[in-house]
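Me: I should like a close look at one part of this protein, namely the place where its domains meet. Please describe that part in one connected account.

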Amino acid sequence: MKPPDFNQIIDRHNTGSVKWDFLGRDLHLDKTDLLPMWVSDFDFQCQEEIQQALHTRVDHGIFGYSERNDHYYQAAIDWFSRRHKLTLYRDWFTSIEGVIPGLALLIQMLSKPGEGVVVQGPYYASFAKIITMNDRVMIENPLLESLQSYEIDYDHLEQMLEQHRPPLLLLCNPHNPTGRCWNHDELLQILILCKRYGTTVISDEIWADLILPWGKFTSILHLGNEWHNNIIAATSTSKTFGLSSLRISNFLIPNPELRRAFIERLNAHGLDVFNALSMTAATAAYQHGDVWLDELQHYMAENRCWFEQALTSAVPLCRMIKAEGTYLAWLDCRGLGLDDDALQLALLQKAKIAASIGRNFGDRGKGFIRINLGCPREYLKKAITGLAQLTL
């Protein structure tokens with residue numbers, strides 16, 4: 001197999017890409033020449049072995065009802081053992097087409113309308129959507145800004161847990177948008193508090209494989225059997241290997257009663273058949289993805305270092321928050337003195353960039369923007385040229 005060329009520019013127009021083809025629709029523009037750096041979707045071809053596996057499956061030509069087979073389970077179990085020193089068991093696996101749909105179903109299953117779900121702010125916008133649109137109350141535990149990154153406010157968290165007695169806490173690890181990887185002690189403190197107040201923790205770990213060289217990922221499942229009754233971890237190959245439209249995710253549920261209830265809910269919604277191509281792609285990714293991912297992580301780290309240096313030089317009033325994972329850059333633009341409306345207008349009209357505006361991540365996101373660094377370096381150069389226009 002030839003080594004991946006992450007610098008290659010691939011035209012994604014006219015492929016039904018949300019990021020490239022529907023940017024104008026989402027911004028209410030007839031047409032646009034903006035550089036799309038908003039959706040967390042990278043611009044690299046997926047691994048060659050995955051493409052070959054998909055070609056082989058398509059050539060078979062029959063796409064009837066499909067189920068996860070032994071290869072699927074074993075590939076995932078081996079991957080987490082190899083990459084994360086994490087022991088998983090086949091019985092823990094429940095699968096659904098996407099992490100967000102699974103989270104929404106768990107919110108329905110484990111809470112009642114009017115009850116609260118805790119999130120850490122700034123929070124991923126889809127968390128707010130699935131909580132509020134399911135008639136639950138979002139309880140924000142704002143992260144504390146440190147000199148370089150963010151910390152969890154445990155005192156405020158305990159106050160919220162004691163006051164509201166929420167049935168659920170929805171964790172994002174690694175955290176979107178900040179890129180923080182919560183360590184063992186931080187996760188342990190969360191679990192201690194949640195156990196004290198009867199709160200189940202669901203950890204969205206979709207970014208687990210995309211760790212920077214100076215970062216370390218700790219799964220909520222790493223903390224041991226004593227916590228297994230009240231934790232659920234959500235995983236997927238989608239972010240790691242660029243397979244977001246080949247939707248399949250695994251919710252790892254050690255507690256047999258919780259797992260049984262979730263499977264019954266999946267069955268109640270007719271979610272008991274799986275996409276043959278999705279399973280083929282995920283299996284091939286887990287079986288053959290190590291070398292490709294190592295090279296991707298190296299490229300992503302170089303992208304981040306290059307972008308931070310270029311940003312400091314070109315736009316000193318914007319500061320890039322230190323991250324340990326993801327390919328997202330969380331930029332503090334408060335030094336520009338613009339509110340979010342003015343900042344978005346300046347990005348669109350002067351910088352010619354479509355970024356994710358901070359207010360979409362809650363009050364703690366105001367004055368920030370999220371930029372997608374999962375792209376060829378040439379796009380980053382164009383982005384820096386555009387961002388430099390904000391100070392003129």
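Reply: The account below begins with the domains and their contact, and then turns to the elements of domain 1 that take part in it.

The model is a predicted one. Its chain is divided into domain 1, made of residues 18–47 together with 289–388, and domain 2, which covers 62–288. Between the C-alpha centres of domain 1 and domain 2 the distance is 25 Å. To the contact, domain 1 contributes 33 residues and domain 2 contributes 41 residues.

The area buried between domain 1 and domain 2 amounts to about 3200 Å². Carbon and sulfur atoms give 54% of that area. On the side of domain 1, the residues that lose the most area to domain 2 are Glu324, Thr326 and Arg364; together they account for 22% of what that side buries.

Polar and charged pairs also cross this interface. Between domain 1 and domain 2 there are 23 residue pairs in polar contact, counted where both residues have pLDDT of 80 or more. Five salt bridges are found across the interface of domain 1 and domain 2. Glu324, already named for the area it loses to domain 2, has a side chain that meets that of Arg180 in a salt bridge, with 2.8 Å from N to O.

Several elements of domain 1 supply the side that touches domain 2. Helix H12, strand S12 and strand S15 (368–372) each provide at least two residues of that side. H12 gives the most, with ten residues.

Within helix H12, which spans residues 290–314, lies Gln297. Gln297 counts as buried because its relative accessibility is 17%, and the cut-off for buried is under 20%. Leaving aside residues up to four places away in sequence, Gln297 touches Arg83, Asp209, Leu210 and Ile211.

The strands S12 and S15 belong to an open sheet of four strands, in the order S11-S12-S15-S14, with antiparallel pairing. The edge strands are S11 (319–320) and S14 (356–357), each of which pairs on one side only. S11 and S12 (residues 328–332) run antiparallel and are joined by two bridges. Across this pair, Arg319 stands opposite Asp332 in S12.

In summary, the side of domain 1 that touches domain 2 draws on a helix, H12, and on the strands S12 and S15, while the interface itself holds five salt bridges and 23 residue pairs in polar contact.

Methods: Residues are numbered from 1 along each chain as its sequence is written. This is a predicted model: local features need pLDDT of at least 70, side-chain atom pairs count only at pLDDT 80 or more; totals for chains, interfaces and linings use all residues. Side-chain values use heavy atoms; hydrogens and water are left out. Two strands pair if DSSP finds at least two bridges between them. Buried means under 20% relative accessible area, exposed over 50%, partly exposed in between (1.4 Å probe, protein chains only). Contact means heavy atoms within 4.5 Å. Domain bounds come from an automatic or database domain assignment. Buried area is the accessible area (1.4 Å probe) that two parts lose on being put together, summed over both. A salt bridge is a side-chain nitrogen of Lys or Arg within 4 Å of a carboxyl oxygen of Asp or Glu. A polar contact is a pair of N or O atoms within 3.5 Å; within protein, one must be able to donate a hydrogen and the other to accept it, and residues adjacent in sequence count only if both atoms are side-chain atoms.
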